[in-house]
Amino acid sequence: MSIMRYFRLIGMFIRAAIQNETAYRLNVVMRLLGTGLSLAGGIGGIAILFHNSGSVNGWEEAETLAVLGVYMLVLSLNGLFVSPSMHKLGGMGGEIETGTFDYTLLRPVAKQFYISVREWSVWPLFDLAVSLGVIGVAARRMEAELSASSLVLFLLSLVIALGILYSLMLLLSSIAFWYRGTYVLWIMGDLLQTGRYPIGIYPKPVKLLLTWVFPVGFIVSTPAEVLLRKSEPVTLLAGLILMLILFALSSVFFNRSLRKYTSASS
Amino acid sequence: MNLRGGLALIRGQLFGYLSEKGFFWTLALGWMTAPVIYLLVWQTAVAGGAIGGYDRNDVILYYLCLIVVNQATYPTTHWTTAEHIHNGTISAQLLRPVPLIYHALGTEFAVKIVCLPFVSAVVILLGMGFKVRLTLEAEGLMIAAAALVFAAVLRFLLAYAISLLAFWTQQSNALLQVNDTLVFLLAGQVAPLAMFPDELHKLALLLPYRYVVSFPVEAALGKLSAAEIGSGFAISGGWILGLALLTGLLTGRGTKKYTSVGG
């Protein structure tokens, strides 16, 4: 199967998503409103926090704003296809639960590719645009100069972040093959919210937890730190190694879990 | 009104949900994350001194209280109701000889009965972990309990009315998300309302959102004067009345308009 065929398939999935979602016009307007409101909420929360205190645990307002921007960026990229695809697989009412995974297994394409990219959502594009704006504003307030090399490093850290996030989500949705009724995928979004603020703000034990157990640190903080030039090259390297390990682990686990699947219906 | 039918629905769903405790406890843990994040952020922020009348102990108590109140008032059925209208599966509920709202109410009660003991236990453990100081007054607790009932009814009606809009728009989940965001912002989750700038604080007092979470919490912490308590109940009572009428109207008109194909 040629590479081109994979890209054509992705194009088709995206077209189908657009057709599906633009059918409900009021919903579109409400989505825009929702993006605006969550932006207002994010910025408002930070404004209230720093309105009352100059700096929190050594973090300034503009830096915190940059972290919020990166958080929104990573989340919107995740929401474009990783999260919708994973929820379709192992989420509530997903294919493993309902037994419609039969049809997926029968499709003549690579399984892991298909379940990872088949479901798209167009709304995160709004969030994506907004998050870039937030990052821009924050960078301006800090009078940070964005050089080509720091942008390249930032992109690299984003790829690492998304790779880690994807692997974690694949691991969690594969659990549904073994034990039906644990919707661990659902609380993933809730746990990710810890990335809204620099993890340096949290008490020490929580910070350690967020770096090594549930690596929000690598998913949100590291890209933000690269942007703010606060990071050390070692962190980026550690993130890269973690991503490779997690990706290999989750792929093996997913493919092993496939054998566990017994159809729920005919 | 078919009360026996309603009770039977609650009983049936309660047994169903009890058998899936693990699932709901996972969800409840997820719902707890956001308040815990804000607890951690704010207790760091007030380390230098009290803000808006809240010191570190107050902030921790406030958010621990908020976790319980949030769980007790958070409705879950608006998502499913909107979904059922969207894909036509609500037909089965419409055929039963009980009012449509009973199905939602049955689920609400069942989910709350399943989740609350778990959440309360976690909150008590967190409180012990933070070594929080707690003084309780019987009067304040009774006012808070009454405010909690108002809050649960108001929050349910608000979300349920929006989900019924799906009868006209087919999809109402984006509006439901907007509603949830407003609750997050204006009900005292992102920060206690007392820390808000003045103008925004005044606006928040008039909107329904303060009364779905923040009001019972403030009452429990003893932060309110008698006059503030009185006006709070008056405003939330007004919203409940208005939304109850709206819900009745929407159910009547919506079910008449509803059509579905297939079985």
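**Entry 1: the surface and build of chain A**

Accessible areas here come from the Shrake-Rupley method with a 1.4 Å probe. I keep in mind that this is a predicted model.

I looked up the surface of chain A, and its accessible area comes to about 12900 Å². Carbon and sulfur atoms own 67% of that surface.

Next I asked myself: how many helices and strands does chain A have? I found twelve helices and zero strands. Reading from the N terminus, I get the run α-α-α-α-α-α-α-α-α-α-α-α. The radius of gyration of chain A is 20 Å, close to the 18 Å that the globule rule gives for 266 residues, so I can call chain A as compact as a globular protein of that length.

For a sense of extent, I noted that the C-alpha atoms of chain A fill a box of roughly 65 × 45 × 35 Å along the principal axes. Of the 266 residues in chain A, 48% are buried. I also checked the contacts in chain A with a separation of 6 or more: 79% of them join residues 24 or more positions apart.

**Entry 2: the nonpolar cores**

Which residues touch the most other members of the largest nonpolar core? I found A:Y197, A:I219 and B:W42, in a core of 133 residues.

I followed A:Y197 a little further, setting aside its neighbours within four places in sequence. From chain A, its contacts are A:G45, A:I46, A:L49, A:T64, A:V67 and A:Y202. From chain B, A:Y197 meets B:I37, B:Y38 and B:V41. Apart from this core lies another, of nine residues, including A:F113, A:Y114, A:V117 and A:W120.

**Entry 3: A:E21 and its partners**

I found A:E21 in helix α1 of chain A, which covers residues 3-21. Is A:E21 buried or exposed? Its relative accessibility is 19%, so A:E21 counts as buried, the cut-off being under 20%.

Leaving out neighbours within four places in sequence, I listed the contacts of A:E21 as A:V28, A:W120, A:S121, A:V122 and A:W123. One of these, A:S121, is 100 residues from A:E21 in sequence, with the two C-alpha atoms 8.1 Å apart in space.

**Entry 4: salt bridges**

Side chains of opposite charge can pair when their charged atoms come close. How many salt bridges does the structure hold over all chains? I noted six, and I looked at some of them.

A:E61 pairs with A:R141, and their closest N and O atoms are 4.0 Å apart. This pair links distant parts of the chain, with A:E61 in helix α3 (residues 61-90) and A:R141 in helix α7 (residues 124-141), 80 residues apart. Both ends turn out to be partly exposed: A:E61 has 29% relative accessibility, and A:R141 has 48%.

Then I turned to A:R118 and A:E95, whose side chains meet in a salt bridge of 3.0 Å, N to O. A:R118 sits in the loop between α6 (111-117) and α7 of chain A, while A:E95 is in helix α4 (residues 95-98), so the pair ties together parts that are 23 residues apart in sequence. Here I wrote down that A:R118 is buried at 5% relative accessibility, and that A:E95 is buried at 9%.

In chain B, I found a salt bridge between B:E108 and B:K112, the closest N and O atoms being 3.6 Å apart. Why are these two separated by about one helical turn? Because B:E108 and B:K112 are four residues apart in helix α6 of chain B. B:E108 is buried, with a relative accessible area of 5%, and B:K112 is buried too, at 15%.

**Entry 5: a nonpolar patch on the surface**

I went looking on the outside of chain A and noted a nonpolar surface patch of about 550 Å². The residues that make this patch are A:L237, A:L240, A:I241, A:L244, A:I245 and A:L249.

I picked A:I241 for a closer look. A:I241 lies in helix α12 of chain A, residues 233-258. With 44% relative accessibility, A:I241 counts as partly exposed.

**Entry 6: a positive phi in chain B**

Most residues other than glycine have a negative phi. I therefore marked B:K131 as one to revisit, since its phi is near 55 degrees, a positive value in a residue other than glycine.

Where does B:K131 lie? I traced B:K131 to the loop between α6 (101-129) and α7 (138-164) of chain B. B:K131 is exposed, with a relative accessible area of 70%.

Key: Residues are numbered from 1 along each chain as its sequence is written. Chains are lettered from A and ligands numbered from 1 in the order in which they are written. Side-chain values use heavy atoms; hydrogens and water are left out. Buried means under 20% relative accessible area, exposed over 50%, partly exposed in between (1.4 Å probe, protein chains only). Patches are made of residues with over 30% relative accessible area and no salt bridge: like charges are joined within 9 Å, nonpolar side chains (Val, Leu, Ile, Met, Phe, Trp, Tyr) within 5 Å. The radius of gyration is taken over C-alpha atoms; the globule rule is 2.2 Å times the number of residues to the power 0.38. Contact means heavy atoms within 4.5 Å. A nonpolar core is a set of buried Ala, Val, Leu, Ile, Met, Phe, Trp, Tyr and Cys residues joined through side-chain atoms within 4.5 Å.
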